[in-house]
Amino acid sequence: MTASSQISPSDGPTPRAGDAHVTALARALLDWFDSRERDVAWRHERDPYRIWVAEVMAQQTRVGTVASYYARFTERFPTVFALAEADLDEVLHVWQGLGYYARARHLHAAAGQIVERHGGEVPSDVEALRSLSGVGPYTAGAVASIAFGVAEPAVDGNARRVISRLFDLERSTPARLDTLARSLVDAAVDRPAEMNQAIMDLGGSVCSPRRPACGDCPVSSGCRALAAGTVALRPPRREPRSSPIRTAASAVVWRDGAVLFVRRPERGLLGGLWDFPGTKPEEGPVAPGDAGLVEELRDAHGIVIAPLEPAGEAFARIRHAFSHFHLELVLFETRWISGKAGSVDDQMAGSATGYAWVTPDRFEKFAVPAYLRSPLRSLGQGAR
DNA sequence: AACACGGGGCC
DNA sequence: GGCCCAGTGTT
């Protein structure tokens with residue numbers, strides 16, 4: 001049995017904190033949350049540091065994907081101090097494959113800020129949290145409420161959908177969502193953590209984007225969008241953005257049984273990850289062949305490689321979808337002739353110089369974009 | 001206000 | 001194989 005039968009639909013204008021609709025919603029959501037099997041491992045966490053890490057990982061990423069990364073990350077960096085003292089390169093390596101690498105960079109930077117400003121203790125104050133790198137309104141509210149019991153809303157994408165539907169919001173602006181989420185948190189006396197998680201979990205399960213299971217919903221009788229028949233319209237979908245095709249060529253440069261890795265700039269796409277040297281992705285559906293590859297390595301890296309055969313066969317062709325463009329990457333195997341970029345023996349050159357000659361047995365020690373994993377496996381199998 | 005920023009799951 | 005998802009920082 002759910003508490004939904006106790007909720008009467010209200011058709012009034014703007015709901016206010018403390019009104020009967022909000023009170024009934026809050027009670028039903030808490031009842032539902034309390035009776036539910038918790039399906040998220042870190043919901044049992046009490047350590048603010050670990051809660052913070054989990055919330056940052058959960059941004060933009062499904063919980064099922066996060067789980068193994070979370071286990072590895074917290075094992076390798078068990079405390080704020082461990083994270084603050086680590087090399088960014090190693091943090092990125094643990095983060096490899098999770099995407100949105102700025103999160104890892106900000107997490108690392110924020111650990112240093114917590115050590116400096118707060119003696120290594122994650123702050124409970126929302127403003128202090130908000131001033132940390134990579135901590136925005138959502139993460140600040142989530143950590144404050146879940147780790148410290150502070151009565152602050154935490155509006156992620158799931159909460160946004162749930163609230164937009166419960167209150168049938170035509171336009172769900174951040175300010176509007178914050179006000180309504182806060183009213184629910186305030187109505188859940190002394191249980192802000194459970195209230196926020198109930199809302200988010202509902203959005204992550206019953207109140208899904210496409211096929212909400214309104215028949216199983218603990219607050220269906222208080223859902224104004226359901227009553228109005230507008231569930232599918234709440235929240236309004238953002239119009240899809242165009243995703244142009246960009247093409248690029250990269251070089252697998254062999255030298256004495258090792259391959260040249262270059263470190264990508266910390267800012268920007270795949271920032272701080274290791275990559276093959278090559279041309280910049282340029283718009284256009286036409287395959288670039290090897291055009292410009294030899295010149296690019298000479299001009300950008302001061303490395304001379306053997307000229308590619310005119311009809312040189314590509315080692316691999318990769319298609320990878322980013323959220324805002326499609327990458328078509330062609331890899332060519334080639335030989336080093338001359339140029340700086342350290343030596344094969346100097347294995348420590350990597351992080352400091354941005355260049356590393358890497359033998360296949362060490363490929364896995366480098367953080368690379370997900371789309372290079374498969375080609376790297378192939379390279380490792382055929383020894384040169 | 002609009003855009004940059006990954007990768008995986010779903011249909 | 002294309003579509004969808006969605007916090008924070010930057011501009």
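In this predicted model, the sulfur of Cys217 has its closest cysteine sulfur in Cys207, at 6.2 Å, which is too far for a bond. Chain A as a whole is built from 15 helices and 8 strands, and buried residues account for 49% of its 384 residues. Among contacts in chain A with a separation of 6 or more, 68% join residues that are 24 or more positions apart. The points below take up the cysteines and the cavity, then one helix with its packing, then two contact centres and some backbone details.

**Cysteines and disulfides**

- Seen from the other partner, the sulfur of Cys207 likewise finds its closest cysteine sulfur in Cys217, again at 6.2 Å, and this is too far for a bond because a disulfide requires sulfur atoms within 2.5 Å.
- The count of disulfides under this rule comes to 0.
- Cys217 counts as buried, with a relative accessibility of 12%, and Cys207 also counts as buried, with a relative accessibility of 10%.

**The cavity**

- The structure holds 1 cavity of 30 Å³ or more, and the space in the largest cavity comes to about 110 Å³.
- The lining of the largest cavity is made by 15 residues, and those that lie nearest its centre are Arg165, Cys207, Cys214, Cys217 and Cys223, so that the two cysteines discussed above, Cys207 and Cys217, appear again in this list.
- Helix H9, which spans residues 157-166, supplies the largest share of that lining, with 3 residues.
- By residue class, the lining of the largest cavity divides into 13 nonpolar residues, 1 polar residue and 1 charged residue.

**Helix H15 and its packing**

- Helix H15 covers residues 373-381, and its buried residues are Pro375, Leu376 and Leu379; these cover an arc of only 100° around the axis, which puts them on the same side of H15.
- An α-helix has 3.6 residues a turn, so residues three or four places apart point the same way.
- On the other side of H15, the exposed residues are Arg377 and Gln381.
- The partners against which the buried residues of H15 pack are four strands, namely E1 (245-255), E2 (258-263), E6 (316-321) and E7 (326-339).

**His108 and Glu85**

- His108 has its place in helix H6, which runs over residues 102-118, and with a relative accessible area of 17% His108 is buried.
- When neighbours within four places in sequence are left aside, the residues in contact with His108 are Leu83, Ala84, Ala86, Asp87, Leu88 and Val91.
- Glu85 belongs to helix H4 (residues 80-85) and, with a relative accessible area of 65%, is exposed.
- Although Glu85 and His108 stand 23 residues apart along the chain, a distance of 8.8 Å separates their C-alpha atoms.

**Leu270 and its contacts**

- Leu270 is placed in the loop between E2 and strand E3 (274-275), where its relative accessible area of 11% makes Leu270 buried.
- Not counting residues up to four places away in sequence, Leu270 touches Tyr101, Arg264, Phe322, Pro369 and Tyr371.
- One of these contacts, Pro369, is 99 residues from Leu270 along the chain, while the C-alpha atoms of the two are separated by 6.8 Å.

**Backbone details in loops**

- The peptide bond that leads from Arg234 to Pro235 is cis, with omega near -10°, and Pro235 itself is found in the loop between helix H12 (224-228) and E1.
- Gln60 has a phi near 65°, a positive value in a residue other than glycine; Gln60 is found in the loop between helix H2 (48-58) and helix H3 (63-76), and with a relative accessible area of 61% Gln60 is exposed.
- Tyr100, also a residue other than glycine, has a positive phi near 45°; Tyr100 lies in the loop between helix H5 (88-95) and H6, and its relative accessible area of 48% makes Tyr100 partly exposed.

Key: Residues are numbered from 1 along each chain as its sequence is written. Chains are lettered from A and ligands numbered from 1 in the order in which they are written. This is a predicted model: local features need pLDDT of at least 70, side-chain atom pairs count only at pLDDT 80 or more; totals for chains, interfaces and linings use all residues. Side-chain values use heavy atoms; hydrogens and water are left out. Buried means under 20% relative accessible area, exposed over 50%, partly exposed in between (1.4 Å probe, protein chains only). Helices (H or I, at least four residues) and strands (E, at least two) are DSSP runs, numbered from the N terminus. The arc is that of the directions from the helix axis to the C-beta atoms. Contact means heavy atoms within 4.5 Å. On a 1 Å grid over the protein atoms alone, a cavity is a set of points where a 1.4 Å probe fits but cannot get out, and a pocket is an open set with protein on both sides within 12 Å along at least five of seven lines; lining residues have an atom within 4 Å of a point. Grid points are joined across faces, edges and corners, and a volume is the space filled by probe spheres set on the points. Ala, Val, Leu, Ile, Met, Phe, Trp, Tyr, Cys and Pro count as nonpolar, Asp, Glu, Lys and Arg as charged, and the others, Gly among them, as polar.
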